[in-house]
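Me: I'm new to this structure, so please pick one part and take a close look at it with me. After that, walk me on to whatever else is worth seeing.

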Amino acid sequence: MSDRARVWLWRLAILIVLLVAWEWLTGIKAISRTPGLYWIDPFFVSRPSLILKRFAHLASDQVRLSIWQMALSTVQSTVWGFLVGVSTGFAAGLLLGRNERLASIFEPYIIAFNSLPRIALVPLITMIFGFGLLAKIVLAWTIVFFIVFFNTFQGARSVDADLIHSARFLGGTDRQIMRSVIVPSALAWTFASLTPSISFALIGVVVGEFLGGESGGGLGYLIIQSLGTLNAADMMVALIALGVIGIAMALGIKQIEKRLLRWRPEYRSRT
Amino acid sequence: MKRSRIIVRELTKTFRDDGREVAAVQGASFEIHDGEFVALVGPSGCGKSTILNMIGGLVTPTAGGVEIDGVRVAGRAPRQVGYVFQKDTVFPWRTVARNIAVGLEYRGVARAEQERRVREAIGLAGLAGFEEAFPATLSGGMRQRVALMRTLVVEPQILLMDEPFGALDTHTKINLHVELLALWGARHQTVVFVTHDLSEAITLADRIVVMTRRPGRVKMIHDVQLARPRDVIKLRETDAYAHEYGALWHVLGEEFAERA
């Protein structure tokens, strides 16, 4: 058996053990025939079988807002927040990273804004942008922007000066050098920030959905709604869906990274 | 008498170090003629790379100046100058072929012409089969070949080289000497070659500018009396080579000795 297969087998085994233990421990009573006293109370953590049942229900067309629509809303806001955050953060990082004067002018503002807990901004963003998609995107953006900005800024500053000199001797104009030396060199730093960025974008979106109510929809809304009805199973459905979305997005970024940074020795395909 | 392409006049450079002025180069003057291969040798820290950087416009002189083809160098180097660094300056995100093409791209050379010239350069440098390889997969010698071909492919008339083979082992170095002399023999660029390796200087150069230790002054300008074309490997066994080496070693030796 290959190493890879062995790893997958272990992963699968752990999952099965966890699910079986969860189902079993929430099914037996600590004191026989006394109602409500379980080893682990399914009221708080639900049970796999129940979660599956609720999932089937939420995925069906018996509900007004299906799990698919909610997941789509969350994914959409996250992707938009991420894209807008990455592109603005990257552009700002390049600009300030290659311009000492601008960097020193903006430094206190950037540090001040970045040290604000982003959650504190939620009410203000809601006030300005309402409860819909836009507010969630803006919230994700305020987080992603700074993560990408700081990494790109560092990357743009640490471009090897001799690479730039060498490009200049080969006849490169400032614009050409930006495109052919500074951007690819900074990209390696930017990519290091993308995986945390997508997680933080998701955090921003879910927090936005906590407050957003039904018009914003999303899995965060499902969680808050389940809290209102004390429904742990629905909450678990939302949490598992968020986990799956998180993994899928992180894997997607890894793929893009592998392709764009294939010149780096650590990304070369091992054969 | 050939015309002078590079005139270095009373070149001086002082750096501030810990609030003290330290002179790296002190009043260095020499001229380099069209098509000439000149080596700059001296003990480490004698400012030979600083002189090259001032010729290339990377460093601004404190006093004196450099003229290239009658134009004073200020800031940006003139277009006819190519520069090969000691450090690896090949772009790691470009393949070998795209690295060699980069100067042609910058200059807006048509795609087909780019490809033709890159193919030719790859053949000349013995890099066939590595066109699509990324630099991280190449040896140091191959990377330096790419750097050299990338500079030569835009056909600079003046070539500034800062210890380009300094980090390579002797075997690779000698192979690159053979290749460099063959390439130079075809086009006769004007070359300024900085090195601390005396045998390298004698093997390659027409004239050798010997620097004193810091602050660097020109100690002596020596004409190398070895016929061309030179056979890099056999050359070292000849009496003429031994004679050149002996004469220069004596002069350089004084510089090393004074330091102790």
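Reply: One bit of vocabulary to begin with: a helix axis here is a line fitted to the C-alpha atoms over the stretch in contact, and an angle between two axes runs from 0 to 180 degrees between the N-to-C directions. Keep in mind, too, that this is a predicted model.

Let's start with a helix pair in chain A. Helix 4 (residues 67-97) of chain A packs against helix 11 (residues 232-260) of chain A at an angle of about 45°, and the two axes are 11 Å apart. That angle makes helix 4 of chain A oblique to helix 11 of chain A. The crossing of helix 4 of chain A past helix 11 of chain A is right-handed. Look at who meets whom: helix 4 of chain A brings I67(A), A71(A), T74(A) and V75(A), while helix 11 of chain A brings V237(A), A241(A) and I245(A). Sorted by class, this contact has six nonpolar residues, one polar and no charged. The spacing of such contacts fits a simple rule: an α-helix has 3.6 residues a turn, so residues three or four places apart point the same way.

Now try another pair in chain A. Helix 6 (residues 122-129) of chain A and helix 7 (residues 133-157) of chain A pack with their axes 9 Å apart, at an angle of about 140°. Helix 6 of chain A and helix 7 of chain A are therefore oblique to each other. Here again you'll find a right-handed crossing, with helix 6 of chain A passing helix 7 of chain A. From helix 6 of chain A come V122(A), I125(A), T126(A) and F129(A), and from helix 7 of chain A come L134(A), A135(A), V138(A) and L139(A). The class split for this contact is seven nonpolar, one polar and no charged.

Next, slide along to helix 8 (residues 161-169) of chain A. Its buried residues are L163(A), H165(A), S166(A), A167(A), R168(A) and F169(A). They pack against helix 9 (174-216) of chain A together with strand 6 of chain B. After helix 8 of chain A comes G171(A), with a positive phi near 100°.

That brings us to the meeting of the two chains. Chain B puts 20 residues into the contact and chain A puts in 15. On the chain B side, strand 6 (81-84) and helix 2 (96-106) of chain B are the elements that give two or more residues. That side of chain B has 13 nonpolar, three polar and four charged residues.

Inside chain B, have a look at strand 3 (residues 37-41), where five of five residues are buried. F37(B), A39(B) and V41(B) point one way, and V38(B) and L40(B) the other way. Strand 3 of chain B runs parallel to strand 8 (residues 190-195) of chain B, joined by five bridges, and A39(B) stands opposite F193(B) there. Strand 3 of chain B also pairs in the parallel sense with strand 9 (residues 207-211) of chain B, over four bridges, with V210(B) as the bridge partner of V41(B).

Last stop: an open sheet of four strands in chain B, in the order 2-1-4-5, with antiparallel pairing. Strand 2 (20-33) and strand 5 (71-72) of chain B stand at the edges, each with a single partner strand, so one side of each has no neighbour in the sheet. Helix 1 (residues 48-55) of chain B lies across strand 1, strand 2 and strand 4 of chain B.

Terms used
Residues numbered from 1 in each chain as written. Chains lettered and ligands numbered in written order. Predicted model: local features only at pLDDT ≥ 70, side-chain atom pairs only at ≥ 80, totals over all residues. Contact = placed C-beta atoms within 7 Å. Nonpolar A, V, L, I, M, F, W, Y, C, P; charged D, E, K, R; others polar. Pairing = 2+ DSSP bridges. Parallel < 35°, antiparallel > 145°, perpendicular 65-115°, else oblique. Left-handed = near helix turned anticlockwise from the far one by under 90°. Buried ≥ 20, exposed ≤ 12 C-beta atoms within 10 Å, placed from the backbone.
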